[in-house]
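Trainee: Got a minute? I'd like to go through this structure with you.
Mentor: Sure. Put it up and ask away.

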Amino acid sequence: MSTEGLRERKKRAMRQQLSDTAAQMFLEHGYDAVRVADVAEACGVSEKTVFNYFPSKEALVLDRLEPTADALRTHLADPALPPVAAMLKVLDDELQGLSASLTTAPDQVEAVARYRKFGDLIQEAPSLRAYQSDIAERFADVAAEVLASRFGLEPADPEPQVAAAALLGLWKIQFRALRTHLRPGRPIQDAVDAAASEVQRAAGLIEAGLATLPNRAEHVTKAG
């Protein structure tokens, strides 16, 4: 076992500890009532160490969204997947991950209540809502860049910009649908299926439009 591998595992463990501790403290005491220094003290590290792992207090809460950017790059670049199907793959993976996490929890009722409370935390803190919006914009930029590269366009061209905005709209639909359907007393799989159904309905509205994205890269390849 390499020293580098051990170091990376320790870093991942510390990052997870900081994120989990912060989430628990925010849920118990409220986002504004907890300082980054409080999280650092609870984990036995310095405030500087926390910022070495997370660029801001908001990132401590929404850190789990970061893998979405990598998933967008992977699936939207896949020529075998139309853009809408690629986005649905990203969303379905997230949905199944959430479903697995909730259904394997020792107390499913508590897990669902915690999920809803976490959503309330985001909605009630202006800085978290703003940070979430910033993340959504960054995801849209990533999507536009990948689509532009795939179809031989420029990221600033209107087609990839509109396509990216439409695709990221599905991400917002899923977030809101989960907030609506996932609640104590309702079977988790039933709620997940209802959220997925709403996303599919929304996807149907944009699928035909995105199918007309001009593929200049294909024309260049054929000309060559």
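Trainee: Which helix do Lys11 and Glu8 lie in, and how many residues apart are they?
Mentor: Both lie in helix H1, residues 3-29. They are three residues apart, about one turn of the helix. Keep in mind that this is a predicted model.

Trainee: What do Lys11 and Glu8 form?
Mentor: A salt bridge, with the closest N and O atoms 4.0 Å apart.

Trainee: Are Lys11 and Glu8 buried or exposed?
Mentor: In between. Lys11 has 40% relative accessibility, so it counts as partly exposed. Glu8 is at 28%, so Glu8 is partly exposed as well. The partly exposed class runs between 20% and 50%.

Trainee: Why would such side chains pair at all?
Mentor: Opposite charges can pair when the charged atoms come close.

Trainee: How many salt bridges are there in the count?
Mentor: Six. One of them joins Lys89 and Asp93, at 3.2 Å from N to O.

Trainee: Where do Lys89 and Asp93 sit?
Mentor: In helix H6, residues 83-103. They are four residues apart, so about one helical turn separates them.

Trainee: And what is the relative accessible area of each?
Mentor: Lys89 has 36%, which makes it partly exposed. Asp93 has 35% and is partly exposed too.

Trainee: What about Asp190? Which residue does Asp190 form a salt bridge with?
Mentor: Arg186. The closest N and O atoms are 2.7 Å apart. Asp190 is partly exposed, with a relative accessible area of 36%. Arg186 is partly exposed at 21%.

Trainee: New topic: helix H8. What should H8 span at 1.5 Å a residue?
Mentor: 38 Å. H8 has 26 residues, 126-151. Its end C-alpha atoms are 37 Å apart, so the model agrees with the expected span.

Trainee: What happens just after H8?
Mentor: Gly152 comes there, with a positive phi of about 70 degrees.

Trainee: Which residues gather in the patch of negative charge on the surface?
Mentor: Asp134, Glu137, Asp141 and Glu145. Asp134 lies in helix H8.

Trainee: How does Asp134 count for exposure?
Mentor: Partly exposed, because its relative accessibility is 47%. The exposed class needs over 50%.

Trainee: Can you recap the pairs for my notes?
Mentor: Sure. Lys11 bridges to Glu8, Lys89 to Asp93, and Asp190 to Arg186. Those are among the six counted.

Technical notes:
Residues numbered from 1 in each chain as written. Predicted model: local features only at pLDDT ≥ 70, side-chain atom pairs only at ≥ 80, totals over all residues. Heavy atoms only, no water. Helix = DSSP H or I, 4+ residues; strand = E, 2+ residues; numbered from the N terminus. Expected span 1.5 Å × (residues − 1). Patch = residues over 30% accessible without salt bridge, like charges linked within 9 Å, V, L, I, M, F, W, Y side chains within 5 Å. Areas by Shrake-Rupley, 256 points an atom, 1.4 Å probe, with all protein chains shown as cover. Salt bridge = Lys/Arg side-chain N within 4 Å of Asp/Glu carboxyl O. Lys, Arg positive; Asp, Glu negative; His and termini not counted. Charge placed at Lys NZ, Arg CZ, Asp CG, Glu CD. Buried < 20%, exposed > 50% of the residue type's maximum accessible area, 1.4 Å probe, protein only.
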